[in-house]
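Here are a few notes to read alongside the structure. I hope they help you find your way around.

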Amino acid sequence: NLDTLHSKSDSSLKYRYIAYSSSINSNTLIDSLWIESPVVQVGNEAEVFVRVRNFSKIPVLELPVSLVIGEENVSTVLIDIEPNSFKDTSITLIADNSGNINGKVFIEDNTLEFDNESYFSIQVKDDIVIQELSGSEKPSPFKNLFDIDGYSYRNMSIDGIRIDSILNPDLLIINEANNISSSIFSLISRQLENGKSVLVVLSEKTNSESQDRLSLELGLNLR
């Protein structure tokens, strides 16, 4: 009882009362941002995906979600979000030049403004780099597939390969190796840790030890 508190207290004291609950009972924010394409190339479309959350008891209608590259507003989409839920949407991006492009996605929400935007950086490439390590002397079918515009294709024999000569390709192909050495497994691990892709084509002569280790390293059942 505040009246009782004042009657028993020293009149020379000053009191300030603080509300226990926040005046903000709703908020809309950018939860996450991602790109599903492993490689973004000049002139090709790339989808920038964004998840927006609605922390309120009422739906959000026609919320603008905008993509900005540099100072240019590339595109804006409108989304509806159910109460206490989220909505995934995407905006198409086409890069005109190679190199790193920096941008952001933002929403228009007047409650808490610090969580209204999310920044990103994308590496745009002229060519997708393909490195094949071949264990066969036969002509590789991958040469016909990737030795075209838009790809930088290289083929080396897997025998006696120097790992430091493999410079982080976008796709590493291990083609018909009879024996996959520890150094090649290290290369595969490095490739996957860097978020790159690996394609392993087994031959009829690939030994059981290599198959078992591939099963363990890649989480595959090759038997």
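The points below go from the whole chain to one sheet, then to a helix pair and a single residue.

1. To begin with the overall picture: please keep in mind that this is a predicted model. The protein chain holds four helices and 12 strands. Of its 223 residues, 34% count as buried. Among contacts in the chain with a separation of 6 or more, 61% are between residues 24 or more positions apart.

2. Next, have a look at the four-stranded open sheet. Its strands follow the order S10-S9-S11-S12, and their pairing is parallel. Strand S10 (151–157) and strand S12 (197–201) are the edge strands, each pairing on one side only. On average, and with direction ignored, neighbouring strands of the sheet are turned by 15° against each other.

3. How many bridges join S9 and S10? Strand S9 (residues 128–134) pairs with S10 in the parallel sense over seven bridges. If you would like a place to look in the viewer, serine 134 stands opposite serine 157 in S10.

4. Now for the helix that packs on this sheet. H3 lies across S9, strand S11 (171–175) and S12. With respect to S11, H3 runs at about 155°.

5. H3 also has a helix partner. The axes of H3 and helix H4 (residues 208–218) come within 12 Å and cross at roughly 20°. Angles under 35 degrees count as roughly parallel, so H3 and H4 are roughly parallel to each other. Their crossing is right-handed.

6. Which residues meet where H3 and H4 touch? From H3 come Ser182, Phe185, Ile188, Ser189 and Leu192, while H4 supplies Ser210, Arg213, Leu214, Glu217 and Leu218. The residues of this contact divide into five nonpolar, three polar and two charged.

7. Finally, a closer look at isoleucine 188, which is found in helix H3 (residues 182–193). Is isoleucine 188 buried or exposed? Buried means under 20% relative accessible area, so isoleucine 188, at 2% relative accessibility, counts as buried. Leaving aside residues up to four places away in sequence, isoleucine 188 touches Leu172, Ile174, Val198, Leu214 and Leu218. Leu214 and Leu218 also appear among the H4 residues that meet H3. Isoleucine 188 and glutamate 217 are 29 residues apart in sequence, and their C-alpha atoms are 9.0 Å apart in space.

Definitions and conventions:
Residues numbered from 1 in each chain as written. Predicted model: local features only at pLDDT ≥ 70, side-chain atom pairs only at ≥ 80, totals over all residues. Heavy atoms only, no water. Helix = DSSP H or I, 4+ residues; strand = E, 2+ residues; numbered from the N terminus. Buried < 20%, exposed > 50% of the residue type's maximum accessible area, 1.4 Å probe, protein only. Contact = heavy atoms within 4.5 Å. Axes fitted to C-alpha atoms, helices over the stretch in contact; angles between N-to-C directions. Parallel < 35°, antiparallel > 145°, perpendicular 65-115°, else oblique. Left-handed = near helix turned anticlockwise from the far one by under 90°. Nonpolar A, V, L, I, M, F, W, Y, C, P; charged D, E, K, R; others polar. Pairing = 2+ DSSP bridges.
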